[in-house]
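Here is a walk through one protein model, taken helix by helix and loop by loop. Please keep the viewer open and follow along as we go.

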Amino acid sequence: MTPPPPYHPPNQPLLEQQGQQYVNQFVQQNPHGFVQAQPSKEGFSDASSGYGYTQQPQMVPPIMNTTTTNVVVCQTQAAPVVLINPAPYSYMTPAILTCFFCCWCTGIAAIIAASMSQSQSSEMKYDEARRSANIARILILVTICCGIGGVIIFVAISVAGQ
């Protein structure tokens, strides 16, 4: 367990004020500030500087305007085009429903066409699968029309028979 921080009485000056007092005291004692000895020209300094060997002055290379400009030319290349050809809808569910509820003879033909569309789609023969799916769709519409026509004929016969 660490001890609590020491108590700071309110009449004692803050740390910033103490630091400023220290700086003012140093300036009063050293009015010239920090004085560095100048190195001699022979490469060795005199004993009063206390630095020992000093580095010879070096020639500063002249500043030259050496701006370079890099130009990068890029030609766009045609990327390979990937066409995504999704599998067509096979119409299997509508074919089964119309077979049960409308007309079974054309409904069975629609189920066969939808099954062919699914198998061709699994073999990635999408063009043939589309043709089979279109045939299944047409047969479904024919089955619906046959079912509606059959209901109309049945109602007409039952009404006429009374």
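Helices (H or I, at least four residues) and strands (E, at least two) are DSSP runs, numbered from the N terminus. With that in hand, take residues 138-160: the span is 100% helix and 0% strand, and its end C-alpha atoms lie 33 Å apart.

Before going further, a word on the ground rules. This is a predicted model, where local features need pLDDT of at least 70 and side-chain atom pairs count only at pLDDT 80 or more, while totals for chains, interfaces and linings use all residues. Residues are numbered from 1 along each chain as its sequence is written, and side-chain values use heavy atoms, with hydrogens and water left out.

Now for the overall layout. The protein has 4 helices and 0 strands, so to speak an α-α-α-α order from the N terminus on. Buried residues make up 16% of its 162 residues, where buried means under 20% relative accessible area, exposed means over 50%, and partly exposed is in between (1.4 Å probe, protein chains only). Contact means heavy atoms within 4.5 Å. Among the contacts with a separation of 6 or more, 49% are between residues 24 or more positions apart.

The UniProt record, an unreviewed entry, places the feature "transmembrane region" at residues 95-117 and 138-160. UniProt positions are given in the numbering used here, feature names are shortened, and annotations may be inferred rather than shown by experiment. You have met residues 138-160 already; in residues 95-117, the end C-alpha atoms lie 12 Å apart, and the span is 91% helix and 0% strand.

Let us look at α2 (92-101) and α3 (104-122), which are among the elements that cover the buried residues of α4. In α2, the buried residues are Met92, Ala95, Thr98 and Cys99. Seen down the axis of α2, these buried residues fall within an arc of 135°, so they line one face of the helix; the arc is that of the directions from the helix axis to the C-beta atoms. An α-helix has 3.6 residues a turn, so residues three or four places apart point the same way. The buried residues of α2 pack against α3 and α4. On the face of α2 turned away from its buried side, you will find the exposed residues Thr93, Phe100 and Phe101.

Next comes helix α4 (residues 126-160). Its 35 residues should span 51 Å at 1.5 Å a residue, and its end C-alpha atoms are 50 Å apart, which agrees. The expected span is 1.5 Å times one less than the number of residues. The buried residues of α4 are Ala129, Ser132, Ala133, Ala136, Ile140, Thr143 and Gly147.

Two of these α4 residues, Ala129 and Ser132, are in contact with glutamine 120, as are Lys125 and Glu128, leaving aside neighbours within four places in sequence. Glutamine 120 is found in helix α3 and counts as buried, at 15% relative accessibility. A polar atom of the glutamine 120 side chain lies 3.3 Å from the backbone nitrogen of alanine 129.

The loop between α3 and α4 is worth a stop. Lysine 125 lies there and is partly exposed, with a relative accessible area of 39%. Its C-alpha atom is separated by 8.8 Å from that of alanine 87, 38 residues apart along the chain. Methionine 124 lies in the loop between α3 and α4 too, and counts as exposed at 63% relative accessibility. Most residues other than glycine have a negative phi. Methionine 124, although not a glycine, has a positive phi of about 65°.

Finally, turn to the loop between α1 (15-29) and α2, the place of serine 90. Is serine 90 buried or exposed? Serine 90 is buried, with a relative accessible area of 11%. Leaving aside its neighbours within four places in sequence, serine 90 is in contact with Ala114, Ser117, Gln118 and Ala136. The side chain of serine 90 also makes a polar contact with the side chain of glutamine 118 (3.3 Å). A polar contact is a pair of N or O atoms within 3.5 Å; within protein, one must be able to donate a hydrogen and the other to accept it, and residues adjacent in sequence count only if both atoms are side-chain atoms.

Tyrosine 91 lies in the loop between α1 and α2, and its phi is near 65°, a positive value in a residue other than glycine. The structure holds 1 aromatic pair. Tyrosine 89 and tyrosine 91 form this edge-to-face pair, 4.8 Å centre to centre with 75° between the planes. Rings of Phe, Tyr and Trp (its six-membered ring) pair if their centres lie within 6.5 Å; planes under 30 degrees apart count as stacked, over 60 as edge-to-face and the rest as tilted.
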